[in-house]
Amino acid sequence: MRIILKDGSVKEYDQPVLVCEVARDISEGLARVACAGEIDGEIVDLRTRITTDCTLNIVTVSDPQSLKILRHTTSHVMAEAVKRLFPDAKVAIGPAIEDGFYYDFDHAPFTREDLDRIEAEMKKIIKEGHEITRFTLSREEAIQLMKKREEPYKVELIEDLPPEAEISFYDQGGFVDLCAGPHLMSVKGIKAYKLISSSMAYWRGDEHKAQLQRIYATAFWKKEELAAHLARLEEIKKRDHNKLGREMELFTTVDVVGQGLPLFTPKGTKIIMKLQRWMEDLEDRDWGYVRTRTPLMAKSDLYRISGHWDHYKEGMFVLGDEEKDKEVFALRPMTCPFQYYVYKNTQKSYRDLPYRMSETSTLFRSEESGEMHGLTRVRQFTITEGHLVIRPDQKEAELKSCLELAYHVLSTLGLEEDVTYRLSKWDPQNKAKYLGDEAYWESAQDALRQVLLEKQLPFVEADGEAAFYGPKIDIQAKNVYGKEDTMVTIQLDCAIAENFDLYYIDENGEKIRPYVIHRTSMGCYERTLAWLIEKYAGKFPTWLCPEQVRVLPISDKYVSYAAAVAEELKQNGVDVTVDSRSEKIGFKIRGARLDKLPYMLVVGQQEEADHTVSVRSRFAGNEGQKPLEEFIRQIVKEIRTKEIRKELPEEEKAK
């Protein structure tokens with residue numbers, strides 16, 4: 001039997017051999033740091049018996065994939081600790097994930113004190129140093145074992161496997177868990193771990209099934225790596241929009257209103273208003289769009305024509321019963337079918353195209369409760385939605401223009417370096433989901449691909465991510481937890497014109513079917529606000545801040561001058577308030593800093609006499625005394641140009 005190693009060398013054996021034995025045969029040092037094997041590209045347990053010729057790589061603690069094995073093993077130790085402390089808890093599943101692992105339990109909610117106790121019990125288990133062994137059972141034997149141990153979730157998992165399946169288990173000193181592996185050889189290899197949090201989770205992600213308690217945790221090979229990760233998590237908590245946005249009083253949610261239906265406070269509303277006014281002016285004034293205003297609902301007839309009733313009905317809020325009601329309506333999940341009828345309102349010639357329509361569209365989508373999070377995934381949202389009706393020969397230029405507009409918006413917001421690009425294609429293995437044939441899809445996908453290549457934008461291609469009517473360019477971004485969402489999308493649709501009888505008159509007087517580009521220029525306002533909160537940790541560029549300046553009189557005697565300063569700023573379009581409280585100036589300054597304000601203007605006797613202000617900024621600290629007119633010119637320019645002013649390090653601010 002020939003085993004080809006990673007370096008190309010060959011080990012020969014005349015009988016079956018375990019992966020761990022090969023590692024030891026290579027060197028004792030390698031055996032000590034080995035945690036798994038990779039046979040012909042597949043990660044396997046060190047206990048795996050090799051019986052045929054193969055390629056073999058010994059996975060060590062220095063290999064990235066070793067963390068998954070460590071974390072999976074640690075999840076079993078955590079499950080054992082929970083069972084020791086809470087014998088009535090039922091175990092569900094406990095996989096390794098990107099930054100750690102979790103395990104789901106049927107149990108009452110875990111407190112932070114519970115997690116600390118579980119950590120301590122894990123330490124005891126690891127100190128006991130049990131070897132981890134693997135064994136297999138038939139499906140029926142496995143079911144009986146888990147029934148005997150009163151683990152109904154494991155029984156359900158096994159029952160879903162084929163009758164002929166061989167079921168594997170891992171035993172660590174008496175604690176037995178259903179698992180495919182691989183695992184470490186012993187619990188002694190676990191050195192650095194931390195239980196992070198606990199939350200509710202549905203069994204198998206189905207909101208109609210049992211509510212379980214999920215413990216999130218992580219593990220690393222070294223304590224220093226764990227400490228660095230925990231420090232990063234603390235920074236994430238400071239930026240998490242769902243937490244920070246509420247603390248800054250930008251939005252809230254209320255149970256009686258409903259999940260996925262955020263309420264925006266005056267501060268959050270002000271930011272969205274600034275974004276919306278900017279986007280509408282930008283599209284209308286600089287990019288050649290006409291603006292529409294269409295209904296928030298329509299009869300099912302409209303969605304049948306567009307194809308949404310057949311392809312997207314489960315994601316819509318339907319009003320009425322098709323069997324009982326004469327007319328059934330639905331809240332709109334997108335604006336395109338409405339805008340087509342705006343286009344059809346008057347006959348268009350080839351000279352009228354491209355006809356670019358844009359709308360600040362409020363949309364509704366019936367998201368699953370487990371999918372919703374803060375502002376990034378909600379049931380009602382508002383979007384910078386647009387549809388371009390174009391001649392086929394305008395396809396390339398208009399796609400480029402849409403991409404250039406999106407890039408302009410992202411760069412103005414300071415987000416252009418935080419995105420990736422994806423060509424979202426159809427799934428050729430599931431053609432029934434889509435309009436059009438294979439030739440249509442290949443042609444449309446190639447058109448988008450060529451635009452990305454010409455713009456020299458790095459991108460990935462993803463099957464099955466297209467809309468049912470056409471492929472798209474998706475501009476993706478990750479939140480602070482690493483979850484990726486689509487921020488901007490540009491879709492090419494060469495099929496829908498037939499459904500709606502869209503046409504234009506060409507130079508020969510013939511009716512011609514146009515193409516349609518579905519696009520957003522910034523995307524969803526709610527998701528963009530979440531992105532901005534996390535990007536800037538709440539310290540927005542000045543032009544976006546709901547409060548740009550706070551005037552701080554050093555005593556009650558100067559409140560009138562502070563009010564006069566504020567009035568001049570208001571007359572120049574600056575969002576300003578006056579802190580007229582009878583508090584010491586240091587207290588007022590600390591409050592303005594906590595509110596993450598760009599500027600505070602301290603005024604007293606000298607400032608009133610000289611018609612000046614003492615400027616303190618988030619960017620440079622104490623900027624000194626300036627004539628009021630000079631400060632107004634400075635901030636008005638900063639707002640008008642949408643400058644993203646950088647913060648100096650704290651030590652430089654203090655100089």
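**Exercise 1. Work out the strand order, edges and twist of the five-strand sheet.**

Step 1: order. The open sheet runs β2-β1-β7-β4-β5, with mixed pairing. Strands here are DSSP E runs of at least two residues, helices are H or I runs of at least four, and both are numbered from the N terminus. Two strands pair if DSSP finds at least two bridges between them.

Step 2: edges. β2 (10–12) and β5 (42–44) pair on one side only.

Step 3: one pairing in detail. β4 (residues 34–39) joins β5 through three bridges, in the antiparallel sense. Opposite Glu38 stands Ile43 in β5.

Step 4: twist. From one strand to the next the twist averages 35 degrees. Axes are lines fitted to C-alpha atoms, for helices over the stretch in contact, and angles run from 0 to 180 degrees between N-to-C directions.

The model is predicted: local features need pLDDT of at least 70, side-chain atom pairs count only at pLDDT 80 or more, and totals for chains, interfaces and linings use all residues. Residues are numbered from 1 along each chain as its sequence is written, and side-chain values use heavy atoms, with hydrogens and water left out.

**Exercise 2. Find which strands α1 and α3 lie across, and at what angles they run.**

Step 1: α1. This helix (residues 19–26) lies across β1 (2–5), β2, β4, β5 and β7 (54–60). Its angle to β7 is about 75 degrees.

Step 2: α3. Residues 66–85 form this helix, which lies across β4, β5 and β7. α3 runs at about 120 degrees to β4.

**Exercise 3. Describe the sheet β11-β12-β13 and explain what its edges leave open.**

Step 1: order. Three strands form this open sheet, and their pairing is antiparallel.

Step 2: edges. β11 (132–138) and β13 (175–178) each have a single partner strand, so one side of each is left without a neighbour in the sheet.

Step 3: twist. Direction ignored, neighbouring strands are turned by 30 degrees against each other on average.

Step 4: bridges. β11 and β12 (residues 166–172) run antiparallel and are joined by seven bridges. Thr133 has Asp171 of β12 as its bridge partner.

**Exercise 4. Place α5 and α6 on this sheet, then classify their packing.**

Step 1: helices on strands. α5 (residues 139–148) lies across β11, β12 and β13, at about 115 degrees to β11. α6 (residues 152–159) packs on the sheet and touches β12 and β13. The direction of α6 makes about 40 degrees with that of β13. Contact means heavy atoms within 4.5 Å.

Step 2: helix on helix. The angle between α5 and α6 is about 170 degrees, and their axes are 8 Å apart. That makes the two helices roughly antiparallel. The classes are: under 35 degrees roughly parallel, over 145 roughly antiparallel, 65 to 115 roughly perpendicular, the rest oblique.

Step 3: residues. α5 brings Arg139, Ala142, Ile143, Met146 and Lys147, while α6 brings Lys154, Val155, Ile158 and Glu159.

Step 4: classes. The contact has five nonpolar, no polar and four charged residues. Ala, Val, Leu, Ile, Met, Phe, Trp, Tyr, Cys and Pro count as nonpolar, Asp, Glu, Lys and Arg as charged, and the others, Gly among them, as polar.

**Exercise 5. List the cavities of 30 Å³ or more and characterise each lining.**

Step 1: count. The search of the whole structure gives two. On a 1 Å grid over the protein atoms alone, a cavity is a set of points where a 1.4 Å probe fits but cannot get out; a pocket is an open set with protein on both sides within 12 Å along at least five of seven lines; lining residues have an atom within 4 Å of a point. Grid points are joined across faces, edges and corners, and a volume is the space filled by probe spheres set on the points.

Step 2: largest cavity. Its volume is about 80 Å³. The lining includes His241, Asp485, Arg527 and Trp531. β26, β27 and α16 (525–536) each give two or more residues. α16 has the largest share, four residues. The classes are four nonpolar, three polar and five charged.

Step 3: second largest cavity. This one holds about 30 Å³. Among its lining residues are Ser306, Cys336, Tyr469 and Phe500. α12 gives the most, with three residues. Six lining residues are nonpolar, three polar and none charged.

**Exercise 6. Characterise the second largest pocket.**

Step 1: volume. About 1300 Å³ lies in this pocket.

Step 2: lining. Of 44 lining residues, Tyr312, Met334, Arg365, Lys472 and Gln491 lie nearest the centre. β27 supplies the largest share, seven residues.

Step 3: classes. The lining divides into 15 nonpolar, 15 polar and 14 charged residues.
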